[in-house]
Amino acid sequence: MVDIKEIKTEDLNISNMLKKVPNRFVLCIGLFKRARQLKEGLKPMVKYDSEKPVLPVLTAMKELLEDKLDINFIKNDFFFLNTKNFLH
């Protein structure tokens with residue numbers, strides 16, 4: 001796993017993330033939903049330092065950039081699929 005401290009701000013631009021999702025709307029809503037899941041207690045799929053708080057949206061962005069998270073939109077609902085489990 002890549003440590004979340006290794007996030008480079010230049011990587012967190014919309015162009016890099018839009019390469020992994022169909023459009024800005026799907027990106028925004030998908031990251032928001034994943035961030036909410038993280039805030040509600042789901043475990044992150046990237047390594048992080050539990051002593052230092054990290055915003056859930058940054059964690060969701062990192063998961064997407066590291067290909068740990070796929071954001072898809074089907075029939076008016078979002079789902080997240082990764083290699084280990086299915087989150088809905």
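This is a short tour of the structure above, with a selection to make at each stop.

**Start with the whole chain**

Keep in mind that you are looking at a predicted model. Show the chain as a cartoon and color it by secondary structure: there are 3 helices and 3 strands. Follow the chain from the N terminus, and the elements come in the order α-α-α-β-β-β. The chain has 88 residues, of which 32% are buried. If you switch on the surface, you are seeing an accessible area of about 6,100 Å², with carbon and sulfur atoms accounting for 54% of it. Among contacts between residues at least 6 apart in sequence, 56% link residues at least 24 apart.

**Select H3, residues 56-65**

Now pick out helix H3. Of its 10 residues, 7 are buried, so the rest of the structure largely encloses this helix. To see them, show side chains for Thr-59, Ala-60, Met-61, Lys-62, Glu-63, Leu-64 and Leu-65. What covers these buried residues? Turn on helix H1 (14-18), helix H2 and strand E1 (70-74), which are all part of the cover.

**Add H2, residues 24-39**

Keep H3 on screen and bring in H2. Two packed helices can be described by the angle between their axes and the distance between those axes. Here the angle is about 115°, and the axes of H2 and H3 lie 8 Å apart. The crossing of H2 past H3 is right-handed. On the H2 side, select Leu-27, Leu-31, Arg-34, Ala-35, Leu-38 and Lys-39; their partners on H3 are Pro-56, Val-57, Thr-59, Ala-60, Met-61, Glu-63 and Leu-64. Color this contact by residue class and you get 9 nonpolar, 1 polar and 3 charged residues.

While you are on H2, click on Arg-36, which belongs to this helix. Arg-36 is partly exposed, because its relative accessibility is 43%, between the limits of 20% and 50%. Try a distance label from its C-alpha atom to that of Pro-56: the two are separated by 7.3 Å, though they sit 20 residues apart along the chain.

**Go into the nonpolar core**

Next, hide the cartoon and look at the largest nonpolar core, which has 13 residues. Which of its members touch the most others? Select Met-17, Val-21, Leu-27, Leu-31, Leu-64, Leu-69 and Ile-71. H2 and H3 each contribute at least two residues to this core.

Center on Met-17, in helix H1. Is Met-17 buried or exposed? Met-17 is buried, because its relative accessible area is 3%, and the limit for burial is under 20%. Setting aside neighbours within four places in sequence, Met-17 contacts Leu-12, Leu-27, Leu-31, Met-61, Leu-64 and Leu-65. Label the C-alpha distance from Met-17 to Leu-64 as well: 7.3 Å in space, with their positions 47 residues apart in sequence.

Then move to Val-21. Beyond residues up to four places away in sequence, Val-21 touches Val-26, Leu-27, Leu-64 and Ile-71.

**Finish at Asp-67**

For the last stop, return to the end of H3 and step just past it to Asp-67. Asp-67 sits in the loop that joins H3 to E1. Check its backbone torsions: phi is positive, about 60°, although Asp-67 is not a glycine. Asp-67 counts as exposed because its relative accessible area is 53%, and exposed means over 50%.

Key. Residues are numbered from 1 along each chain as its sequence is written. This is a predicted model: local features need pLDDT of at least 70, side-chain atom pairs count only at pLDDT 80 or more; totals for chains, interfaces and linings use all residues. Side-chain values use heavy atoms; hydrogens and water are left out. Helices (H or I, at least four residues) and strands (E, at least two) are DSSP runs, numbered from the N terminus. Buried means under 20% relative accessible area, exposed over 50%, partly exposed in between (1.4 Å probe, protein chains only). Contact means heavy atoms within 4.5 Å. Axes are lines fitted to C-alpha atoms, for helices over the stretch in contact, and angles run from 0 to 180 degrees between N-to-C directions. A crossing is left-handed if the near helix is turned anticlockwise from the far one by less than a right angle, and right-handed if clockwise. Ala, Val, Leu, Ile, Met, Phe, Trp, Tyr, Cys and Pro count as nonpolar, Asp, Glu, Lys and Arg as charged, and the others, Gly among them, as polar. A nonpolar core is a set of buried Ala, Val, Leu, Ile, Met, Phe, Trp, Tyr and Cys residues joined through side-chain atoms within 4.5 Å. Accessible areas come from the Shrake-Rupley method with a 1.4 Å probe; for residues, only the protein chains shown count as cover.
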